[in-house]
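User: I should like to understand how the terms of a structural description are justified. Please take me through them for one protein.

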Amino acid sequence: MTSKKYSYLKRGFPPLMLFAIGLFCVMGNYLEKLPSYNPFQNNASTERALQAEGNRRLAYSQETSPLPAWTNKFANVWEPFDKATGDTPIFWYSAKGGGATIGYTFGFCMGLTLANHLISLSLVENAPNITVHETGSQLGFPFIRKYVNVRTESPAALDDAADRDLIGSGLADVVMTPYITYAGSNLFTGEQKARGFAMFRHPMKRAIDQFFYRQHATFDISSFDRDLAMMDLLTYVKSNKLVENYEVRSLLELNNVVDVTPAHVEQAKEILRQKFIVGIFEWYESSVIRYEKYFGWWDELDVLNNYTINNCHFTVIGLLDHVGSYPKVPNSEAVENILKTRMWADVELYHYAKILFNEQEELLSEP
């Protein structure tokens, strides 16, 4: 969902608001008789999906399918977050999954200090002590971006961050990394836990955008691939350059020679249910709100009523391209059919994440 009519933005003119309030009062008795509207419920397919999810929970057995050891470093999502305990939010960054825009929103609009891959390497390599650095210009936004002088885009970078005691320093409000399992295992102790959150985009769309990005991103050494620059999309989706079911493999630490099974998908679903606050790319604005409310930033900065911060959200989320704008060609039916087959497990995990997004609304309900 990329509509610019953001639900949390106070954009209406007073006369229109008064008219709406008056209309609501007149029709009050009628509206009370209507069923409550929820875009994620009130349809047969979703009810069947929720019933299936209930059956899945009964079928899942921690004894026969234990979760990976790294999940022990992550708090359960239903345990209230309190940053005084030393727990740190960690975002599972997935290329072309909207993570860059989230980082800019947190930095420019919320004033959060991030640990990710955007700090200059010189500030990492030439500074023995862990510190916070302001980066770039403020550009008229409420805050200038701040980063801890560590990197998180590789296991080696995360090892260095661990050596510098990134989590123990308490300097990072949010850690962002694609290596979520490695970060969990190596950055966090048993007392200071990770608080996982992630944005899920349809795997087929994400895979296609990754292809075009890696074809052209000569400025990004870690992503640019000369071989891809010579391929067309159909050749790519048939090749071993495409990592099948990347998300399920990542969560379960499966290498590329292991076949992903339905049991693996069930484990991945259970990891999300227990350890991650999920967002959905197509519901982008609602997902950002979900993160900010869960971690307490929404109330701390009074996002709804603070016009400056509110407008910053509108500007950053509305104007930035969440996935990059690179030359693209229409998808062929052949490409889509191959991706459906090769990414089947990630597609199933994505659809489960959409159900979970609805369920996790209860975590924010007033007691």
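Analyst: The following exchange sets values beside their definitions. This is a predicted model, in which local features need pLDDT of at least 70 and side-chain atom pairs count only at pLDDT 80 or more, while totals for chains, interfaces and linings use all residues. Residues are numbered from 1 along each chain as its sequence is written, and side-chain values use heavy atoms, with hydrogens and water left out.

User: What makes up the secondary structure of the protein chain?

Analyst: The protein chain has 18 helices and seven strands. Helices (H or I, at least four residues) and strands (E, at least two) are DSSP runs, numbered from the N terminus.

User: Why are strand 3 and strand 7 said to stand at the edges?

Analyst: Seven strands form an open sheet in the order 3-4-2-5-1-6-7, with mixed pairing. Strand 3 (132–135) and strand 7 (276–280) each have a single partner strand, so one side of each lacks a neighbour in the sheet.

User: How do you know that strand 2 and strand 5 pair?

Analyst: Two strands pair if DSSP finds at least two bridges between them. Strand 2 (residues 113–115) and strand 5 (residues 174–177) are joined over two bridges, in the parallel sense, and therefore meet this condition. Ala115 stands opposite Val175 in strand 5.

User: What is meant by the largest nonpolar core?

Analyst: A nonpolar core is a set of buried (under 20% relative accessible area, 1.4 Å probe, protein chains only) Ala, Val, Leu, Ile, Met, Phe, Trp, Tyr and Cys residues joined through side-chain atoms within 4.5 Å. The largest has 42 residues, including Leu166 and Phe276. Helix 18 (residues 344–359) gives the most to this core, with seven residues.

Notes:
Buried means under 20% relative accessible area, exposed over 50%, partly exposed in between (1.4 Å probe, protein chains only).
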